[in-house]
Amino acid sequence: MVLKESDPALEAGDAAPEFELPGVDGGTYSPSSFDDSEALLVVFTCNHCPYAQAKFEHLNELAASYDDLAVVGINSNDAEEYPDDSFDAMQEYVEEGRVAYDAYLRDESQEVARAYGAVCTPDPFLFRKDEGEFRLVYQGRLDDAMNPDEEATEFYVRDAVESILAGEPVEQEWLRSQGCSIKWRD
């Protein structure tokens, strides 16, 4: 397992890069699919990485706790080399209730991960709705638990979401996310 740290390609205030990706529920999604939300959390994740698995429950709780937040998981890993990250396996994770985000999407071409500058799983990007467009307000760690077996005591993304929903500026320091490297195809 190769650990990576994020190195943001997007800057604060950048618009969410566009995408059109298939969801495990049979739908096709883009950032505008979540226009009813005040905040959009795009998390590059996967099924097999222990760092990503350790955050499933936290992401599920975020999705369930905030009506004005859309939590979108995007799996960009090479599913031929990592069959646990196939579309079918993603569907199984949702059917079993292990993943309960607002949408779990497949980035087969890996173009979306590249557009966002995602490098690891999980790699979260939080956007605030601003004049009809999602703009980046935070990119980095979900919380302070740096290893899969640690319990978090500080919840960076949750704090940032609460700032957005309260109409306040997000003042969360951007701390590089850490996890398994995205499994790029050759």
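Biologist: Contact means heavy atoms within 4.5 Å. Leaving aside its neighbours within four places in sequence, what is Leu 126 in contact with?

Modeller: Bear in mind that this is a predicted model. From the stretch 39 to 41, Leu 126 is in contact with Ala 39, Leu 40 and Leu 41. Leu 69 is another contact. Then come Arg 135, Leu 136, Val 137 and Tyr 138. Val 157, Ala 160, Val 161 and Ile 164 complete the list.

Biologist: Which residues of the largest nonpolar core touch the most other members?

Modeller: Leu 126 is one of them, along with Leu 41, Leu 59, Leu 62, Leu 69 and Val 71. The core has 27 residues.

Biologist: Which elements give two or more residues to this core?

Modeller: The strands are β4 (39-44), β5 (69-75) and β9 (133-139). The helices are α2 (56-65), α3 (87-95) and α5 (156-165).

Biologist: Which gives the most?

Modeller: That is α5, with 5 residues.

Biologist: Any other core to look at?

Modeller: There is a second, separate core of 23 residues. Among its members are Ala 103, Val 112, Tyr 116 and Ile 182.

Biologist: Back to α5. Why is it largely enclosed by the rest of the structure?

Modeller: Because 7 of its 10 residues are buried. They are Tyr 156, Val 157, Arg 158, Ala 160, Val 161, Ser 163 and Ile 164.

Biologist: What do the buried residues of α5 pack against?

Modeller: Four strands and a helix: β4, β5, β8 (123-130) and β9, plus α2.

Biologist: Take Ala 160. Buried or exposed?

Modeller: Ala 160 has a relative accessible area of 1%, so it counts as buried, the cut-off being under 20%. Leaving aside neighbours within four places in sequence, Ala 160 is in contact with Leu 126 and Val 170.

Biologist: How far is Ala 160 from Val 137?

Modeller: Their C-alpha atoms are separated by 8.2 Å. Along the chain they are 23 residues apart.

Biologist: And what follows α5?

Modeller: Gly 167 follows α5, with a positive phi near 75°.

Biologist: Where do you find a positive phi in a residue other than glycine?

Modeller: Gln 110 is one case, with phi near 70°. It sits in the loop between β6 and α4 (111-116). Glu 131 also has a positive phi, about 50°. Its loop is the one between β8 and β9.

Biologist: Is Gln 110 buried or exposed?

Modeller: Gln 110 is buried, at 2% relative accessible area. Glu 131 is exposed, at 82%.

Biologist: Let's switch to β6. Which way do its residues point?

Modeller: Strand β6 covers residues 103-106. Ala 103 and Leu 105 point one way, Tyr 104 and Arg 106 the other. All are buried.

Biologist: How do β5 and β6 run, parallel or antiparallel?

Modeller: They run parallel, joined by 4 bridges. Ile 74 stands opposite Leu 105 in β6.

Biologist: What about Ser 37, where is it?

Modeller: In the loop between β3 (28-29) and β4. Ser 37 is buried, with a relative accessible area of 9%. Not counting residues up to four places away in sequence, it touches Asp 68, Leu 69, Ala 70, Lys 129 and Phe 134.

Biologist: New topic, empty space. How many cavities of 30 Å³ or more does a search of the whole structure find?

Modeller: Just 1. The largest cavity holds about 130 Å³ of space. Its lining has 13 residues, and Lys 55, Pro 122, Asp 143, Ala 145 and Gln 178 are the closest to its centre. The lining divides into 7 nonpolar, 3 polar and 3 charged residues.

Biologist: Pro 122 caught my eye. What kind of peptide bond joins it to Thr 121?

Modeller: A cis bond, with omega about 0°. Pro 122 lies in the loop between β7 (120-121) and β8.

Biologist: How much space lies in the largest pocket?

Modeller: About 230 Å³. Of the 13 lining residues, Ala 54, His 58, Glu 150, Glu 151 and Ala 152 are the closest to its centre. The lining has 5 nonpolar, 1 polar and 7 charged residues.

Biologist: Last one: where is Glu 57?

Modeller: In helix α2. Glu 57 counts as exposed, at 55% relative accessibility. Glu 57 and Ala 100 are 8.6 Å apart in space, C-alpha to C-alpha, and 43 residues apart in sequence.

Key. Residues are numbered from 1 along each chain as its sequence is written. This is a predicted model: local features need pLDDT of at least 70, side-chain atom pairs count only at pLDDT 80 or more; totals for chains, interfaces and linings use all residues. Side-chain values use heavy atoms; hydrogens and water are left out. A nonpolar core is a set of buried Ala, Val, Leu, Ile, Met, Phe, Trp, Tyr and Cys residues joined through side-chain atoms within 4.5 Å. Buried means under 20% relative accessible area, exposed over 50%, partly exposed in between (1.4 Å probe, protein chains only). On a 1 Å grid over the protein atoms alone, a cavity is a set of points where a 1.4 Å probe fits but cannot get out, and a pocket is an open set with protein on both sides within 12 Å along at least five of seven lines; lining residues have an atom within 4 Å of a point. Grid points are joined across faces, edges and corners, and a volume is the space filled by probe spheres set on the points. Ala, Val, Leu, Ile, Met, Phe, Trp, Tyr, Cys and Pro count as nonpolar, Asp, Glu, Lys and Arg as charged, and the others, Gly among them, as polar. Two strands pair if DSSP finds at least two bridges between them.
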